Amino acid sequence: MKVQNSCRGSKQKAGEKMGEVIVSMKDIVKTFPGVKALDHVNFELRSGEVMALLGENGAGKSTLMKILSGVYTKDSGTMTIFGTEYENLTPKQAQAVGVAIIHQELNMCRNLSVAENMFLGREKVNGIVLNDREMEAEAAKILGDLKIDIDPRQTVGDLPVSKQQMVEIAKALSIHAKILIMDEPTSSLTAKEIDELFRIIRQLKADGCGIVYISHRLEELKAIVDRVTIMRDGQYITDGNFKDMTMDQIIANMVGREIKEQFPRVSCPKGKKVFEVRNLNAGHLVRDINFSLYEGEIVGFAGLMGAGRTETTRAIFGVDPKTGGEIFLDGKEVKISCPMDAIKAGIVLAPEDRKKDGLCTKLSIRHNLALPNLDLICSKLGVISRKQEDDLCEKAVKDLLIKTPTVEVNAGNLSGGNQQKVVVGKWLARNSRVVIFDEPTRGIDVGAKVEIYNLMNQLKKQGIAVMFVSSEMPEVLGIADRVIVMCDGRITGEVMAKETTQNEVLKFATEFEQKKAVG
Amino acid sequence: MREDRMMNEKKQSAVKRILGTRGMGAVITAFAGLIIIYVAFGLIDRKVFAGQNVMNLLRSMSKYLLIGVGQSYLLITGNIDLSIGSMVGMSAMISATLMAMGVNPFVAMAVAMICCLVTGVVNGMLVGKFKLPPFIATLGTMFVTRGVAYMVNNNRNTDAIATGIGKEAGDRFQNFFYYGKTLGVYNTFWIALVIFLIFFFLLSKTRTGRHIYAIGSNVDAAKLSGVNVVNTTIKAYLVSAVCACVVGYILCAQAGMGNMEAGNMYEMYGVAAGVIGGISPLGGTGLLLGTFAGAAVWQTLENGLNMIGAQVGIQRLVIGIIVVFSVLLDVVVRSGNFGKKASK
């Protein structure tokens, strides 16, 4: 580690001079097993600026910031903070250097007070007695300087999310952080709260802090961002002044590649309407959802993470409670208040998180496949028929080409692609009318992906309505016939896959409600 | 100006500050429940109000208070210590066996304390460092320490301690921990009160106490804030070990000998005292004052039901219902809060 000058000295200098480079990351490489997460990435942050770090999901933004804040260690490359080159940092060292990260999921002790959280791990004491009054006074001073109206004695868990976020910012400042990383800070805030956050960000900027701002809401960047760095697929693409770039340029740089025809599509005539959702509402992320599914059609659901697509599937399937809306199957209304209702009606879901929601990973393939079909293979007395269970498993393994020596293997030991096939296989024994796939290809290799696509096509040919949620735009445009785009819990666009472009879809996907804070 | 305000607040708000402490609501509820139960029994049978009964009540609640304090420390960290009851037995058997052999009482007590502290460290390491589920880790040490309690005197209860250290020293030991009074109140209660106050101070006024609440509330946030989770967990298990050891002395003094089954089920009495007093078994919240109220509620119920002639079965049944009701209240209040958060 080359130490050029003391970190504390340079930190104070940074506070005085604006526009000085305080973070410089060059040729950063980070590999996870099987994936090159960062491939020679460059990143630079100056004091007194807000730097937007942009890119699609999985572009490597979070990985880069986790290296800066000491959560991950880089494989190679150089990282210079306040003129000192650091080989690797621990989270605690990063804090000492002045780097603070404000996580998307807030990381606080909900049962402790604001002041207690701000001073956790470095409490002020008189001898061995905690000096609560001094800590509260200092917390009040920091909060007061930021003009945040929070009582330092209030319990953090009782505060609204926006205020909790302010407390995290105040905590970062109380450890004299000069580099603040904010990951999607506005995702759960209202327009007024965003105004308040932006006011604080501007104040921090004026004080000489460097702020890294990660957000998918391109519209709101206008209000505060000075410069942007764009990443794609783990690579650095470009950076520049925000004012010098058009929104189209930014989007084009984020999306990059042309879509290749690597997706097997079968065309079949669009049949009659199978499934309809009217005015579905369930919480903040499912608002007034209306759509229909037809025979012989795959409908893709595109959008950014947190757009409400998974929540929509869960509300339809009866996992989460609905606050309103009607669901029609073959023209008849069906009442769904729990997954059992949906399954009985013929609506099935292959959920997003295979290991958490899709499979009992510690049970065998046999038990997983049989679980939702026990009513079909049990005698009247509730005894499972081994023969029928065998038949069911044999058929699923054969139809889906599940690669396994026997069905007694634990589902958790299969590869991702084969796990996904088991998840789907659970539902094939039932004559379902609607099959919902939520991110079916996440984390599985290319060959297995194609098998999943083929399976969807097969269902489509059988006249089953397929709802296909995916964050990977190429596959949505390549496999689906029609694409519905969601943003912030609402449907913001509907396009035919063959007639649209990624840029158009991304525009719909970032069409947030006009909030006051923007512009 | 702000400093003026702080000064003003300082003067006028000492009482307000205490009443505004987190978890004070549950404590006040528990004390209110205590008074209602006590008065209700008193109205049925006036003997409940008699001075001697009050003294007995204070003495017998002391054991539950100590055990409750130890268990509350663990509940607040979001863990549990099932080995407390067995440690009580181990402490009683080790000190009684040594005294019956004629070993100086101080030495005997010190040996028992060392054994309990070692158990506490082992518990803390298993849970804090090796990340064993606390239920399993302390289930193991529960059997081990009970086994030690049996083995100390070759699977037999001890002889009277007076046979070893002599009648005079034996009486002094028994009076100090159980039969003697100071200022008209049994020593047992004073001992429990002093230990309670020490651990009350430790939990509410020191850095260690703050860290205990923090790891119970959000262990990841605590770790990222620089809290040493392993050390804090070990400290919490040491507190429960100390409490268990002292209860062992008390039981030894009460009987004048060591009983291999001493302290059986006490770990659960500790949980009950804590949760009745508003200590959440989910971690992060609760005040030791609540444990005080919980231990008193428990003992008042037992005492009152005894006085009015209820059978042991009824006593257990009532206490069981009270425990479930207290936790139910906690769960409902918590989930109510979460519901509000989600809809915002």
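## Exercises on a predicted two-chain model

In chain A, the residue of strand β16(A) that forms a bridge with A:N281 is A:G324. The model is predicted, and local features need pLDDT of at least 70, side-chain atom pairs count only at pLDDT 80 or more, and totals for chains, interfaces and linings use all residues. Residues are numbered from 1 along each chain as its sequence is written, while chains are lettered from A and ligands numbered from 1 in the order in which they are written.

**Exercise 1.** Work out which strands stand at the edges of the sheet β14-β13-β16-β17 of chain A.

*Solution.* Begin with the terms: strands (E, at least two residues) and helices (H or I, at least four) are DSSP runs numbered from the N terminus, and two strands pair if DSSP finds at least two bridges between them. The 4 strands form an open sheet with antiparallel pairing. Within this sheet, β13 (residues 273–281) and β16 (residues 324–329) of chain A are joined by 5 bridges. Pairing on one side only identifies β14 (289–294) and β17 (332–334) of chain A as the edge strands.

**Exercise 2.** Describe the 6-stranded sheet of chain A and the helix that packs on it.

*Solution.* The order is β18-β19-β20-β15-β21-β22 (chain A), in an open sheet with mixed pairing. Since β18 (347–350) and β22 (490–496) of chain A each have a single partner strand, one side of each is left without a neighbour in the sheet. From one strand to the next the twist averages 20 degrees, where axes are lines fitted to C-alpha atoms, for helices over the stretch in contact, and angles run from 0 to 180 degrees between N-to-C directions. Helix α19 (residues 502–509) of chain A touches β15, β21 and β22 of chain A, and its direction makes about 35 degrees with that of β21(A); contact requires C-beta atoms, placed from the backbone, within 7 Å.

**Exercise 3.** Check the span of helix α5 (residues 84–100) of chain B against the expected value.

*Solution.* The expected span is 1.5 Å times one less than the number of residues. For the 17 residues of α5(B) this gives 24 Å, and because the end C-alpha atoms are 24 Å apart, the two values agree. Just after α5(B), B:G102 takes a positive phi of about 95 degrees.

**Exercise 4.** State how many residues each chain gives to the contact between chains A and B.

*Solution.* Chain B contributes 21 residues and chain A contributes 22 residues. On the side of chain B that touches chain A, the largest share, 5 residues, comes from α11(B).

Terms used
Contact = placed C-beta atoms within 7 Å.
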